[in-house]
Every structure is written in C-alpha cells, then in structure tokens.
Amino acid sequence: MAADILGELRDPAASAILLPLVVHSSSFVRAAILRALKALQVGASLGPAIAALGDDHPAVRAQAVGVIGYLKLTEALPSLIHATRDGHPNVRLAAIDALSFARNDAAAQAAADALSDPEWQVRAVAAETVGRIGQASVAKVFIAALNDSYWLVRQKAVQGLGKLRFERP
C-alpha cells in the first residue's frame, strides 16, 4: 500500500525510496514497487524494470513491462519486443499493448506476430495495437485475422484495416 501511495503522489523524488526495493524478497512487493514506478515515469526506473523482465513471477514481469511502456523510450523497444514472447499471457498482453507508442516497423511486426498467439485476448490486443501503430507494411496480417476463431479479434482487425484505409488489391 505504501508503494501505491507513493506512486499516487506523482513526486519523482519518491523513486529514490522505491528503486532499491525493486529487488525485495516478496514478489508482491516487487510488483507493487514497479506499479508505483510506472506512475512516477522516472527514467532511472528503466534499468531495474528491464532487469525485472527476468523475474520468476509473471505479475512482476507484467508490471516491469508497464514501467517500460510508460517511459516510451525507443531504446527500450527491444526489451518490449522480447516480452511479447514471454511464457505468460498477461506479460505478452501487457508488452503488446505497450508497443503502441512506437510508430515503426519493428513494433508493428512484433504486434503482428502476436496475431497468432494461442490466447484470444492477446490476439485481440495485438490487432488493436497493430491498428494504433498504423504501419501499412503489416496490413496483410489483418486479412488473415479476419478468419480468427474469436469475434473480437476479427472486429479489431476490421477496425485496424479501416484505420489504415486498406483496400483489397
């Protein structure tokens, strides 16, 4: 709770208290610390967040992705792309959603690759993210997503095609 309150204060100086606790023995505390750091959006949290992507607990990894995504730093893009292939769907989902800030082919391709994820929730977020990124280079993946087994994925694919103003050749 203390970490959440420090995050709600939005005072970057609170990061000096929080950063050393990113390696706390409790995964619950580590996740809470990362959640607070996400709210603070302090550049010094990038290194600890990237390190936390290797944590054993998916909740910690998902919160680390949140920190990285909120910082919106291009140099962190490879870490986010790597997290799109995490073993836990919640981490993949968070990473794919976080890619939205990057308006480049690498981010678009990583989100497009996630359209084949076994979890429909991840595929739906991937379709939405590809649409938000807006790279026409991956428009063809939306065509395949129109045949997805889950209706929400198909809907997000149609919306993405509309955003790209895609016309079938």
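This is a conversation about a predicted model, in which a trainee asks for the reasons behind the terms used.

Trainee: Why is threonine 84 called buried?

Mentor: Buried means under 20% relative accessible area, and threonine 84 has a relative accessibility of 9%, so this residue counts as buried. Its place is in the loop between α6 and α7 (89-98). Leaving aside residues up to four places away in sequence, threonine 84 touches Arg92, Ala95, Ile96, Leu99 and Ala110.

Trainee: What makes the approach of the threonine 84 side chain to isoleucine 81 a polar contact?

Mentor: The side chain of threonine 84 reaches the backbone oxygen of isoleucine 81 at 2.5 Å, and a polar contact asks for a pair of N or O atoms within 3.5 Å, one able to donate a hydrogen and the other to accept it. The distance of 2.5 Å is therefore within the cut-off of 3.5 Å.

Trainee: Why is alanine 2 called exposed?

Mentor: Exposed means over 50% relative accessible area, and alanine 2 stands at 55%, so alanine 2 counts as exposed. This residue is in helix α1, and together with Glu8 and Leu9 it is carried on the face turned away from the buried side of that helix.

Trainee: Which residues of α1 are buried, then, and how do you know that they line one face?

Mentor: In helix α1, which covers residues 2-9, the buried residues are Ala3, Leu6 and Gly7. Looking down the axis of α1, one finds these buried residues within an arc of 100°, and therefore they line one face of the helix. What they pack against is α2 (15-18) and α3 (27-40).

Trainee: What makes the phi of lysine 72 worth pointing out?

Mentor: Most residues other than glycine have a negative phi. Lysine 72 is not a glycine, and yet its phi is positive, at about 55°. The residue lies in the loop between α5 (58-71) and α6 (77-83), and with 55% relative accessibility, set against the cut-off of over 50%, it counts as exposed.

Trainee: Where does glutamine 41 lie, and why is it called partly exposed?

Mentor: Glutamine 41 is found in the loop between α3 and α4 (46-52). Its relative accessible area is 46%, and since buried means under 20% and exposed over 50%, with partly exposed in between, the value of 46% makes glutamine 41 partly exposed. Glutamine 41 also has a positive phi, near 50°, in a residue other than glycine. Another positive phi, of about 60°, is taken by arginine 10, just after α1.

Trainee: How many aromatic pairs are there, and why is the pair of tryptophan 120 and tyrosine 150 called stacked?

Mentor: The count comes to 2 aromatic pairs. In the pair of tryptophan 120 and tyrosine 150, the centres are 3.8 Å apart and the planes make an angle of 25°. Ring centres within 6.5 Å make a pair, and planes under 30 degrees apart count as stacked, so the values of 3.8 Å and 25° lead to the name stacked.

Trainee: What makes this a link between distant parts of the chain?

Mentor: The two residues are 30 residues apart, with tryptophan 120 in helix α9 (residues 120-133) and tyrosine 150 in the loop between α10 (139-145) and α11 (151-164). Tryptophan 120, at a relative accessible area of 28%, is partly exposed, and tyrosine 150, at 25%, is partly exposed too. One aromatic cluster is formed by Trp120, Tyr150 and Trp151.

Conventions
Residues numbered from 1 in each chain as written. Predicted model: local features only at pLDDT ≥ 70, side-chain atom pairs only at ≥ 80, totals over all residues. Heavy atoms only, no water. Buried < 20%, exposed > 50% of the residue type's maximum accessible area, 1.4 Å probe, protein only. Helix = DSSP H or I, 4+ residues; strand = E, 2+ residues; numbered from the N terminus. Arc of directions from axis to C-beta. Contact = heavy atoms within 4.5 Å. Phe/Tyr/Trp six-rings, centres within 6.5 Å; stacked < 30°, edge-to-face > 60°.
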